[in-house]
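Subject: Handing over a structure

Hello,

Here is the structure I said I would pass on, with the sequence beside it. Please have a look at both first, and then read on for what turned up.

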Amino acid sequence: MSEPTATTTPRERYRRQVREEIKQRAREQIAAAGTSALSLNKIAKQMGLSGAGLYRYFTGRDELLAELVRDAYQSLVDAFRAAAGRDEGGLHGLAHALRAWALDDPQRYFLVYGPPVPGYRAPVDLSVKMAEIMSLIISASDADPASSPGGTPPASLSAGEDRAPASSTRLALAFWTRLHGILSLELSGHFLGMGFDPAQLYENELDLLSAG
């Protein structure tokens with residue numbers, strides 16, 4: 001949440017506080033029972049608001065979901081930036097930050113990387129955050145001394161990252177798709193009872209990526 005400025009009025013500060021509380025209540029619902037459990041009427045009741053009162057802060061479920069998704073993407077960007085700032089081994093640092101971020105709040109992870117929410121369409125501006133995340137991965141891939149997977153990256157991504165070598169883009173795409181595959185299976189519980197440690201599987205996959 002941004003800090004109030006000298007020109008912020010008491011009404012604006014109150015509105016910001018109420019919107020933040022609504023988002024926190026929504027996160028609690030989603031963490032407890034998934035995105036399908038999100039109920040604006042329940043949030044209004046918890047906060048002592050009427051349904052119409054809550055709609056003065058968010059016009060509906062889609063606007064609230066869009067804010068939660070923006071916050072989730074921003075939290076991952078922040079985690080990646082922090083890992084990059086600590087110089088934690090390039091892609092290894094980002095990989096560890098990604099897994100820690102996902103395990104910290106699985107429902108937040110599924111909010112952005114899980115199945116689409118029925119009836120919800122993400123706003124176009126989210127593509128900026130998606131591009132920022134990929135840019136951080138490509139930068140780490142560019143700095144990684146290891147060889148990268150063969151093949152040609154998709155033309156659309158190559159055009160968007162025209163300053164990055166094709167090898168860096170290929171490595172970034174392999175990093176993103178393969179590690180997300182493991183995380184999605186782990187967080188969905190598909191590794192239970194299989195007799196191995198998902199954390200070790202994740203590290204092994206990361207080692208394979210680094211080895212090219």
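Let's start with E21, which is partly exposed at a relative accessible area of 34% (buried is under 20%, exposed over 50%, and partly exposed in between, with a 1.4 Å probe and protein chains only). Please bear in mind that this is a predicted model, in which local features need pLDDT of at least 70 and side-chain atom pairs count only at pLDDT 80 or more, while totals for chains, interfaces and linings use all residues. Numbering starts from 1 along each chain as its sequence is written, and side-chain values use heavy atoms, without hydrogens or water.

Charged pairs

E21 has a salt-bridge partner in R25, at 3.2 Å from N to O (a salt bridge is a side-chain nitrogen of Lys or Arg within 4 Å of a carboxyl oxygen of Asp or Glu). The two sit 4 residues apart in helix α1, which means that about one helical turn separates them. (Helices, H or I with at least four residues, and strands, E with at least two, are DSSP runs numbered from the N terminus.) R25 is partly exposed as well, at 24% relative accessibility.

Helix α7 holds a pair of this kind too: the side chains of K129 and E132 form a salt bridge of 3.6 Å, N to O. These residues are 3 apart in the helix, so again about one helical turn lies between them. K129 is partly exposed, at 22%.

Salt bridges that share partners also build a network, whose members are R19, E20, K23, R27, E63, E67, R70, D71 and D125. Inside it, E63 and R19 meet at 3.8 Å, N to O. Why is this pair worth a look? E63 belongs to helix α4 and R19 to helix α1, so their bridge ties together parts that are 44 residues apart in sequence. R19 is buried, with 18% relative accessible area, whereas E63 is partly exposed at 27%.

Another member of the network, D71, is found in helix α4 and is partly exposed at 26%. Outside its neighbours within four places in sequence, D71 is in contact (heavy atoms within 4.5 Å) with K23 and R27. Although K23 and D71 are 48 residues apart along the chain, 9.7 Å separates their C-alpha atoms. Over the whole structure, the search finds 15 salt bridges.

The chain as a whole

The protein chain has 10 helices and 0 strands. Of its 212 residues, 39% are buried. Among contacts with a separation of 6 or more, 68% join residues 24 or more positions apart.

The nonpolar core

Which residues touch the most other members of the largest nonpolar core? They are I22, L64, F80, I137, F175 and W176, out of 55 residues. (Such a core is a set of buried Ala, Val, Leu, Ile, Met, Phe, Trp, Tyr and Cys residues joined through side-chain atoms within 4.5 Å.) The helices that each supply at least two residues to this core include α1 (10–33), α4 (61–85), α7 (126–143) and α9 (166–187). Helix α4 gives the most, with 11 residues. For a closer view, pick F80: beyond four places in sequence, F80 is in contact with L94, A97, L98, I133, L136, I137 and W176.

Helix α6 has buried residues of its own, namely R108, Y109, F110, L111 and V112. Helices α4, α5 and α9 are among the parts that cover them.

The largest pocket

The largest pocket contains about 240 Å³ of space. (On a 1 Å grid over the protein atoms alone, a pocket is an open set of points where a 1.4 Å probe fits, with protein on both sides within 12 Å along at least five of seven lines; lining residues have an atom within 4 Å of a point. Points are joined across faces, edges and corners, and the volume is that of probe spheres set on them.) Its lining has 14 residues, and the closest to the pocket centre are R27, L68, A72, D105 and R108. Two or more lining residues come from each of α1, α4 and α6, and α4 gives the most, with 6.

Best wishes
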